[in-house]
Amino acid sequence: MVRHGERVPESSHHLKSKTSEALAKLMSLQATDATVVTLGPDHCILREEQVLVELVHRGDVVKVSPGGRFPVDGRVMEGSSMADESLITGEPMPVSKRVGSRVIAGSINAQGALLVEATHVGSDTTLSQIVKLVEEAQTSKAPIQQFADRLSGYFVPFIVIVSVLTLLAWLAIGFVNFDIVKDNFPGYDPDIPRTDVIVRFAFQASITVLSIACPCALGLATPTAVMVGTGVGAQNGILIKGGEPLEMAHKINVVMFDKTGTITCGVPRVTRVLVLWEAAQMPLRMVLAVVGTAEASSEHPLGVAVAKHCKEELGLAVLGYCQDFQAVPGCGISCRVSNVEQLVAAAPEVVVHLQGATTVEGPLIAGGQPRTTGSGGSHSVLIGNREWMRRNGHHIGADINAAMSSHENKGQTAILVAIDGIMCAMLAIADTVKAESALAMHTLQSMGIEVVMITGDNRRTAKAIAAQVGIRKVFAEVLPSHKVAKVQELQEKGLCVAMVGDGVNDSPALARADVGMAIGTGTDVAIEAADVVLIRNDLMDVVASIELSKKTVRRIRINFLFALMYNLLGIPIAAGVFMPAGLVLQPWMGSAAMAASSVSVVLSSLLLRT
């Protein structure tokens, strides 16, 4: 922070202006006010007061309503709910909160009202620490000193010195041997005094040196190539914020990938439906209709995924009716559904047996006579985890438990379905890997670049996803500050590090990395903190960014070669070194050659488009 009256360097102002939007978006995630309550005996609320979040002190008790943001870091004193903590962990699954659970400022309370005792307030909250990390990471990025700037800084005084030396040399030559000047002086007139001829000729050579020397070509070598390179990137869905990341990307040794929303789609999807036909005697289409109707009333991400899958498989936008809906955080749901019989198709169903159970995947329909429905076409439904089923008196067989465990070992979530008191199905739900993820990892590794996964998710899920895409090095259960530390640790080893992410929790690491790449569908904060935005949400664009950087830097070097060769050849000719061979340049010729060199550099840069 800058205290009042301190003088801030201009470079600091420039960096702060670049990051102000990212920091403003981060701060906007913080709650602005809080409901502080006074508790009586047995935690009964005696008084409620709405105050600014800055006035909340450690030890205060805050009430958080469903849908509200937690204003402080704290500990749950009363109530149970689910909290969306994707802000910090990047994981889309809500986290169950009970008495004693920790909550994070800025995360969202999804369901029940909670009483929270404040443990960290103000600048000590996790969200404030993320803001601080982003600010420190951005402002500590030292600008790269451009080679062209250094060269031009020496080039101009060098040319002035060469021009003066040319002037003095030809003055000396003229007075020592006037015949050399006379033979090469255009339109020599004997009536002109010898001194005037020598001075004119010397100044002509000196001015030609000044006019042919071209710092413009050196100055254009980098910006023209960068401008064309960033344009080519934009046409291919890669938004590069300036020349620095474009020039830096070709040096990358390590690419660190966030998991959720980067390697994976970031949205849970149903990957398998296993129907227990022998117990349920119910066709898949009926199971999907009942389950979809029940989950349509759920706000849990898993429930939303199940409802979406059922509607897609049945080809319907609206399912049956749901009554007496009850959701128990961390367990599951119960309800009654009706009016689903008309959704059941008469097509035969194909069944595959697995370990004594019947497995149905995709829109396949099982044959046989379906079990009759309850009275009035109404069904009681339970959907949830093992604990929820046991609470409601259902026994989970070894075959079903083994099937669930096989999915859980892959980092997937398995849930059970009981209809009318009978266990009917198991559903596997996962955040699926993007189609191009494995190819992108393989391509980067074949380029000699180390690939690392870094995620706030649990170790088992992280390793399962890493195995699917071919990543061998995994950092799991990592907080935002630790992501920054991992980036710094690699940088201290002399490695050039790129970070690819999409969430608020990734923004400090995106800012700290040598090149930060944000997924275009990610959060505004991540996009603001990154140097490169992959608009198409395609990980192969990480490869494309590095390739584009390599080609751009190679083009910049070719441009420098053109400019330097031109000057190395042109300046001696202009100075009259080759005059004995009859090669003499007039000032206008030098000017024309200078313009041609600038044009040649621009045309060279435009070749990047091909």
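Let's start with L444: setting aside neighbours within four places in sequence, this residue is in contact with V255, F257, I449, V451, V542, V543 and I546. Keep in mind as you look around that this is a predicted model.

**The nonpolar cores**

L444 belongs to the largest nonpolar core, a set of 57 residues, and is one of the members that touch the most others, along with I252, V255, F257 and I263. Helix α20, residues 540-575, gives the most to this core. A second core stands separate from it and includes V291, A305, C335 and I419.

Here are the two cores side by side:

| Core | Size | Some of its members |
|---|---|---|
| Largest nonpolar core | 57 residues | I252, V255, F257, I263, L444 |
| Second, separate core | 31 residues | V291, A305, C335, I419 |

The contribution of helix α20 to the largest core comes to 11 residues.

**A helix with a buried side**

Now move to helix α14, which spans residues 398-408 and has I400, A403, M404, H407 and E408 buried. Why do these residues lie on the same side of α14? They cover an arc of only 135° around the axis, so they are placed on one and the same side of the helix.

**A nonpolar patch on the surface**

On the outside, V156, V160, I161, V164, L165, L168 and L210 make a nonpolar surface patch of about 610 Å². Helix α4, residues 147-176, supplies the largest share of the patch, with six residues. L168 is found in this helix. Its relative accessible area is 48%, so L168 counts as partly exposed.

Methods. Residues are numbered from 1 along each chain as its sequence is written. This is a predicted model: local features need pLDDT of at least 70, side-chain atom pairs count only at pLDDT 80 or more; totals for chains, interfaces and linings use all residues. Side-chain values use heavy atoms; hydrogens and water are left out. Buried means under 20% relative accessible area, exposed over 50%, partly exposed in between (1.4 Å probe, protein chains only). Helices (H or I, at least four residues) and strands (E, at least two) are DSSP runs, numbered from the N terminus. The arc is that of the directions from the helix axis to the C-beta atoms. Patches are made of residues with over 30% relative accessible area and no salt bridge: like charges are joined within 9 Å, nonpolar side chains (Val, Leu, Ile, Met, Phe, Trp, Tyr) within 5 Å. Accessible areas come from the Shrake-Rupley method with a 1.4 Å probe; for residues, only the protein chains shown count as cover. A salt bridge is a side-chain nitrogen of Lys or Arg within 4 Å of a carboxyl oxygen of Asp or Glu. A nonpolar core is a set of buried Ala, Val, Leu, Ile, Met, Phe, Trp, Tyr and Cys residues joined through side-chain atoms within 4.5 Å. Contact means heavy atoms within 4.5 Å.
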